[in-house]
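Good morning, everyone, and thank you for making time for this. I would like to walk you through one structure slowly, so please keep the picture in view while I talk.

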Amino acid sequence: MSKIALTGNASGSGTFTLAAPNSDTDRTLTLPDSAGTIATTNGITHMTQFRLTTSYDPGPDDDITANIEEVDDATYSRIGSAVTESSGVFTLPETGVWQVIVMATIGGVDDNNAGVDIAVSTDSGSTFDRVARGYGGQNSGTAGGDSVSANAYVNCTSASTFRVKFVTFSFGNANTELRGETGYSQTSFTFIRIGDAQS
């Protein structure tokens, strides 16, 4: 017969109490047949969002490397450890399955069909694989703009070697720009950890 053992910690002085709820129903809690740590939070454990702060006209195959800030609106709050950014390359703080979202606003007065790709590296940024693309815009001769988005799920098995960046696609028209703003998000980059890494 399997046994249950409770082991205290000699370095601590606190008392942990197992408390039953007010219930008239018998319940059974079945432990999984694996080692691990009981989670103390529910739902999403990490979320960081960044924005492009300045509009500019990138090339057709340019990394987005500058004028990026973490969102600082009064109603924004990061969850968990921050995703960090350096020259447009983003590092995840922890292994896990991460949802990566880019929302890009493209503007122009001529043909402004363009987009943004999500690219992922598993070798500390030596090589990148484009895994998702958001693409759209106005037809030639039509003034206006368009918002496009791309979404990817990244199974990060090593926080020390996985990297993410964003690359413009099909830009190059002098009248086409990737729009940014420091007071609110026109082009944003969002990272959400939704679960443990999968082997």
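Let me begin with a single pairing, in which Gly 115 has Phe 169, a residue of strand 10, as its bridge partner. Before I go further, please keep in mind that what you see is a predicted model.

That pairing belongs to a wider pattern, since strand 7 and strand 10, which covers residues 163-169, run antiparallel and are joined by 7 bridges. Strand 7 is also joined by 7 bridges to strand 8, residues 129-136, and these two again run antiparallel; here Ala 114 is the residue that stands opposite Gly 136.

Is strand 7 enclosed or open to the outside? Buried means a relative accessible area under 20%, and 8 of the 8 residues of strand 7, residues 114-121, are buried, so this strand is largely enclosed by the rest of the structure. Looking at the two faces separately, we find Ala 114, Val 116, Ile 118 and Val 120 buried on one side, while Gly 115, Asp 117, Ala 119 and Ser 121 are buried on the other.

Ile 118 leads us to the largest nonpolar core, which has 29 residues, and in which Ile 64, Phe 90, Ile 118, Val 164, Phe 166, Phe 189 and Phe 191 touch the most other members. The elements that give two or more residues to this core include strand 7, strand 10 and strand 12, together with strand 1 (46-52). If you find Phe 191 on the screen, you can follow its contacts beyond four places in sequence, among them Phe 90, Trp 98, Val 164 and Phe 166.

Now to Arg 193, which lies in strand 12. Which side of the cut-off does Arg 193 fall on, buried or exposed? Its relative accessibility is 8%, and therefore Arg 193 counts as buried. A polar atom of the Arg 193 side chain lies 2.8 Å from the backbone oxygen of Thr 95, and the residues in contact with Arg 193, apart from its neighbours within four places in sequence, include Glu 94, Thr 95 and Gly 96.

My last stop is Thr 187, in the loop between strand 11 (176-181) and strand 12 (188-195). Although Thr 187 sits in a loop, this residue is buried, with a relative accessible area of 0%. A polar atom of its side chain lies 3.2 Å from the backbone nitrogen of Thr 105, and, beyond four places in sequence, Thr 187 touches several residues, including Phe 50, Met 103, Thr 105 and Leu 178.

Key: Residues are numbered from 1 along each chain as its sequence is written. This is a predicted model: local features need pLDDT of at least 70, side-chain atom pairs count only at pLDDT 80 or more; totals for chains, interfaces and linings use all residues. Side-chain values use heavy atoms; hydrogens and water are left out. Helices (H or I, at least four residues) and strands (E, at least two) are DSSP runs, numbered from the N terminus. Buried means under 20% relative accessible area, exposed over 50%, partly exposed in between (1.4 Å probe, protein chains only). A polar contact is a pair of N or O atoms within 3.5 Å; within protein, one must be able to donate a hydrogen and the other to accept it, and residues adjacent in sequence count only if both atoms are side-chain atoms. Contact means heavy atoms within 4.5 Å. Two strands pair if DSSP finds at least two bridges between them. A nonpolar core is a set of buried Ala, Val, Leu, Ile, Met, Phe, Trp, Tyr and Cys residues joined through side-chain atoms within 4.5 Å.
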